[in-house]
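Look at the fold below before you read on. Then follow this report from the whole chain down to single residues.

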Amino acid sequence: MTTEYRLTAVSENALAFMLPPPADLDRQRRLWAFADAASALAGVAETVVGMNNLTVFVHGAGRLNDTAAALEALWPKVSAADYCGRHVEIPVHYGGADGPDLGEVAAFHAISPEEVVRRHTETVYTVFMMGFQPGFPYLGGLPENLHTPRRAVPRTQVAAGSVGIGGAQTGVYPFASPGGWQIIGRTALPLFDAQKNPPTLLAAGDTVQFVAVSAEY
């Protein structure tokens, strides 16, 4: 084992492969490629990529040592260039009832709501990881000139499909839930459908671009 990563058992049938901070896109791409390759190893039941880490689940107890050795042999053989996700465009209705915080985000940055929409839609984002809700994408790449603090008082209900900004990230709520992100728009595109395989629209490694189909300022 090298200081480049830590590989530890987290249960009798799971290993955690962890990279030191900070997370960046090249490291995440290498982890996605690593997860794909690791899923084909003998005895591996599932791989789950997080931010700067990978959890590998094995079938039954007693396989961890062999799997750990296989993972250590595999890691030097994969690179960021080995992974290529899909590109997905998400149509968004900005402002109005669909984006009640658009004006506040604009005021925070001393720009117009139109400029917020322009900056938000001109960027190509990358899904760093999935979490919080089934189908919820944590998107990397939000321009620094759109970084906006979360709401001081979270809402008790955020509508499904809401597109928000929370600090240095942007994302989409697949389901209605409480939330503290600044809501600037909403999409009618389902991010999770239990009848489909896979049920999630997005996966880690995919790229996303938001498309303004309407805006109310």
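What follows moves from the overall fold to a core, a helix and two residues.

**The whole protein**

This is a predicted model, in which local features need pLDDT of at least 70, side-chain atom pairs count only at pLDDT 80 or more, and totals for chains, interfaces and linings use all residues. Residues are numbered from 1 along each chain as its sequence is written, and side-chain values use heavy atoms, with hydrogens and water left out.

The protein has four helices and 13 strands. Both are DSSP runs numbered from the N terminus: helices are H or I with at least four residues, strands are E with at least two. Along the principal axes, the C-alpha atoms fill a box of roughly 60 × 35 × 30 Å. The accessible surface is about 10500 Å², and carbon and sulfur atoms hold 54% of it. Such areas come from the Shrake-Rupley method with a 1.4 Å probe; for residues, only the protein chains shown count as cover.

Of the 217 residues, 45% are buried. Buried means under 20% relative accessible area, exposed means over 50%, and partly exposed lies in between (1.4 Å probe, protein chains only). A contact means heavy atoms within 4.5 Å. Among contacts with a separation of 6 or more, 61% join residues 24 or more positions apart.

UniProt lists residues 5-202 as "domain: Carboxyltransferase", in an unreviewed entry. UniProt positions are given in the numbering used here, feature names are shortened, and annotations may be inferred rather than shown by experiment. That span is 22% helix and 32% strand, and its end C-alpha atoms lie 27 Å apart.

**The cores**

A nonpolar core is a set of buried Ala, Val, Leu, Ile, Met, Phe, Trp, Tyr and Cys residues joined through side-chain atoms within 4.5 Å. The largest one has 24 residues; Leu7, Phe17, Leu31, Phe34, Leu54, Leu71 and Trp75 have the most contacts inside it. Strand 2, helix 1, strand 3, strand 4 and helix 2 each supply at least two of its residues. Helix 1 gives the largest share, six residues. Another core, of 22 residues, lies apart from it and includes Leu142 and Ile184.

**Helix 1**

Which residues of helix 1 are buried? They are Gln28, Arg30, Leu31, Trp32, Ala33, Phe34, Ala35 and Ala38. These buried residues pack against strand 2, strand 3, strand 4, helix 2 and strand 6. At the N-terminal end, Asp24 caps helix 1: one of its side-chain oxygens lies 3.3 Å from the backbone nitrogen of Asp26.

**Two residues side by side**

| Residue | Place | Relative accessible area |
|---|---|---|
| Phe17 | strand 2 | 1%, buried |
| Arg150 | loop between strand 7 and strand 8 | 45%, partly exposed |

Leaving out residues up to four places away in sequence, Phe17 touches Tyr5, Arg6, Leu7, Leu31, Phe34, Asn52, Asn53, Leu54 and Trp75. The C-alpha atoms of Phe17 and Tyr94 are separated by 39 Å, and the two residues are 77 residues apart along the chain.

With the same neighbours left out, Arg150 touches Gly166, Gly167, Gly180, Trp181 and Gln182. Arg150 and Gly166 are 16 residues apart in sequence, yet 5.0 Å apart in space, C-alpha to C-alpha.

Definitions and conventions:
A polar contact is a pair of N or O atoms within 3.5 Å; within protein, one must be able to donate a hydrogen and the other to accept it, and residues adjacent in sequence count only if both atoms are side-chain atoms.
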